[in-house]
Amino acid sequence: MEHPETGHSPMEQFIIEPLISINLAGYDISYTNSALFMTFAVAATALLFWGATRQRTMVPGRLQATAELLYEFVANMVKENTGTEGMRYFPFVFTLFMFILFGNVLGLMPYAFTFTSHIIVTAAMAVFIFLAVTIIGFARHGLHFFSLFVPPGAPLGIAIVLAPLELFSYLIRPVSMSLRLFANMLAGHVLLKVLAGFVISLGVVYGVVPFLAVFAVTLLEIMVALIQAYVFALLTCIYLNDAIHLH
Amino acid sequence: MPQFDPSSFASQLFWLAVMFVALYWIVAKIAIPRIGEVLDQRARVIQDDLDRATQLKAETDQAIATYEKAMAAARAQAFDHMRTIQAELKTVADARTAEVSNAVNRQINEAEARIGEAKKKALESIKNVAADTARDVVAKLAGLSPDAGAVDNAVAAALKDAH
């Protein structure tokens, strides 16, 4: 996928570059550009909440209002989808939301790296959620958890047919969840890079057209970044609800 | 695609775990308690204000009720007073009316008595005039001098007929 004019591939932005080489027990766990942007996401979240909760006024300032908005947004999402019992997982969902949100948004900056555009990261998060939800489900309901795969109110004949499908859709959850985030981030960044490449290759006059397209797609990608963070957190809530309440 | 290069997987997974745990600690131990505290505090203040407003409203309602009760009592008392005074005035007025009408009646009776007296006197004098006239007429026409007693009797009989 070499670009003819610039020689840059749109995939180049996804290359993992070690910044500090670390080797632990035979594993290469170098501090990379991906780890750096994870650090930025953590730092940005920490800074936001630190700044927002420094004064803790009755009438919130801008930063505090932002933090409260995020808090209540996620808290309501957890409460509405999993009920009050699900609120004990609120810190996890809130962390997940903020981590993905800042990972996506910071990745949109020029020269930035988007760690959510790597399938291994999204898959790790999705598999962790899948395993956690399954463990919570068995811990709460024991073998009764299998009733999740039997559609409620279905006659026996239909239930026998539907149960494998339900089981399959349950097992496929981490795949769809990780692919959704990964593919959205990947496609958006590739598209931006390709369009930006056209700006260079078409020159100042005709380059205006792809430039405007880059502008529009950037707005779209900001929206996608927010929506995908929301979707990931929302699906986590829905899966948690299944584990807590079965149906 | 760099995404499918397994050589970076260990590093990515390791730092993902480290950073996610770090962020979880920050969110769970610092951000959520602090923001939750602010929200709780605000909710409590608002609830307190609402409670106080409700309490003040109840007090106001009570004050209004007390006022209205006092007002109604005062009005009732005023009516009582008015009725008592009216009754007193009526008694006085009745007494005065009776007194005056008694006086008037007495005067009327006196006046009637006086009129009766005057009438009797007038009738007496008419009898004398009639007797004198009758005697003069008899003397002039018949040249007789009638007995005074007979003339008086005749006049009295005539007057009796006229009545």
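Modeller: A residue is buried if 20 or more other C-beta atoms lie within 10 Å of its own, exposed if 12 or fewer, and partly exposed in between. Keep in mind that this is a predicted model.

Biologist: How many C-beta neighbours does Arg56(A) have, and how does Arg56(A) count?

Modeller: Arg56(A) has 14 other C-beta atoms within 10 Å, so it is partly exposed. Arg56(A) is part of the loop between α1 and α2 of chain A.

Biologist: Which backbone angle is worth reading at Arg56(A)?

Modeller: Start with the general idea. Most residues other than glycine have a negative phi. Arg56(A) is not a glycine, yet its phi is positive, at about 50°. Tyr111(A), also not a glycine, has a positive phi of about 70°.

Biologist: Where is Tyr111(A), and is Tyr111(A) buried or exposed?

Modeller: Tyr111(A) sits in the loop between α3 and α4 of chain A. Because Tyr111(A) has 6 C-beta neighbours inside 10 Å, it counts as exposed.

Biologist: What does the count say about Ala233(A)?

Modeller: Ala233(A) has 25 other C-beta atoms within 10 Å and is therefore buried. Ala233(A) belongs to helix α7 (residues 208–245) of chain A. Setting aside neighbours within four places in sequence, Ala233(A) contacts Val74(A), Met77(A), Val93(A), Leu96(A) and Phe97(A). Ser34(A) is 199 residues away from Ala233(A) along the chain, and the C-alpha atoms of the two are separated by 21 Å.

Biologist: Now to helix packing. What describes two packed helices?

Modeller: Two packed helices are described by the angle between their axes and the distance between the axes. Here, helix α2 (residues 62–82) of chain A packs with helix α3 (residues 90–107) of chain A at an angle of about 130°, and their axes are 10 Å apart. That angle makes α2(A) oblique to α3(A). The crossing of α2(A) past α3(A) is right-handed.

Biologist: Which residues make the contact between α2(A) and α3(A)?

Modeller: From α2(A) come Val74(A), Ala75(A) and Val78(A), and from α3(A) come Phe90(A), Val93(A), Phe94(A) and Phe97(A). By class, the contact of α2(A) with α3(A) has seven nonpolar residues, no polar and no charged ones.

Biologist: At what angle do α4(A) and α7(A) pack?

Modeller: The angle between α4(A) and α7(A) is about 20°, with the axes 8 Å apart. This makes α4(A) roughly parallel to α7(A), and their crossing is right-handed. On the α4(A) side, Ile129(A), Val133(A), Ile136(A), Gly137(A) and Arg140(A) meet Thr236(A), Tyr239(A), Leu240(A), Ala243(A) and Ile244(A) of α7(A). The contact of α4(A) with α7(A) divides into seven nonpolar, two polar and one charged residue.

Biologist: What does chain B come to in helices and strands?

Modeller: Chain B has two helices and zero strands. The globule rule gives 15 Å for 163 residues, and the radius of gyration of chain B is 62 Å, well over that, so chain B is more spread out than a compact globule. Its C-alpha trace spans about 190 × 40 × 15 Å along the principal axes. Of the 163 residues of chain B, 9% count as buried.

Biologist: How many residues does each chain give to the contact of chain A with chain B?

Modeller: Chain A gives 34 residues and chain B gives 31 residues. On the side of chain A that touches chain B, β3 (27–28), α1 (33–52), α2, α3 and α4 (119–141) each supply at least two residues. The largest share there, eight residues, comes from α1(A). By class, that side of chain A divides into 23 nonpolar, eight polar and three charged residues.

Note on methods. Residues are numbered from 1 along each chain as its sequence is written. Chains are lettered from A and ligands numbered from 1 in the order in which they are written. This is a predicted model: local features need pLDDT of at least 70, side-chain atom pairs count only at pLDDT 80 or more; totals for chains, interfaces and linings use all residues. Helices (H or I, at least four residues) and strands (E, at least two) are DSSP runs, numbered from the N terminus. The radius of gyration is taken over C-alpha atoms; the globule rule is 2.2 Å times the number of residues to the power 0.38. Axes are lines fitted to C-alpha atoms, for helices over the stretch in contact, and angles run from 0 to 180 degrees between N-to-C directions. Angles under 35 degrees count as roughly parallel, over 145 as roughly antiparallel, 65 to 115 as roughly perpendicular and the rest as oblique. A crossing is left-handed if the near helix is turned anticlockwise from the far one by less than a right angle, and right-handed if clockwise. Two residues are in contact if their C-beta atoms, placed from the backbone, lie within 7 Å. Ala, Val, Leu, Ile, Met, Phe, Trp, Tyr, Cys and Pro count as nonpolar, Asp, Glu, Lys and Arg as charged, and the others, Gly among them, as polar.
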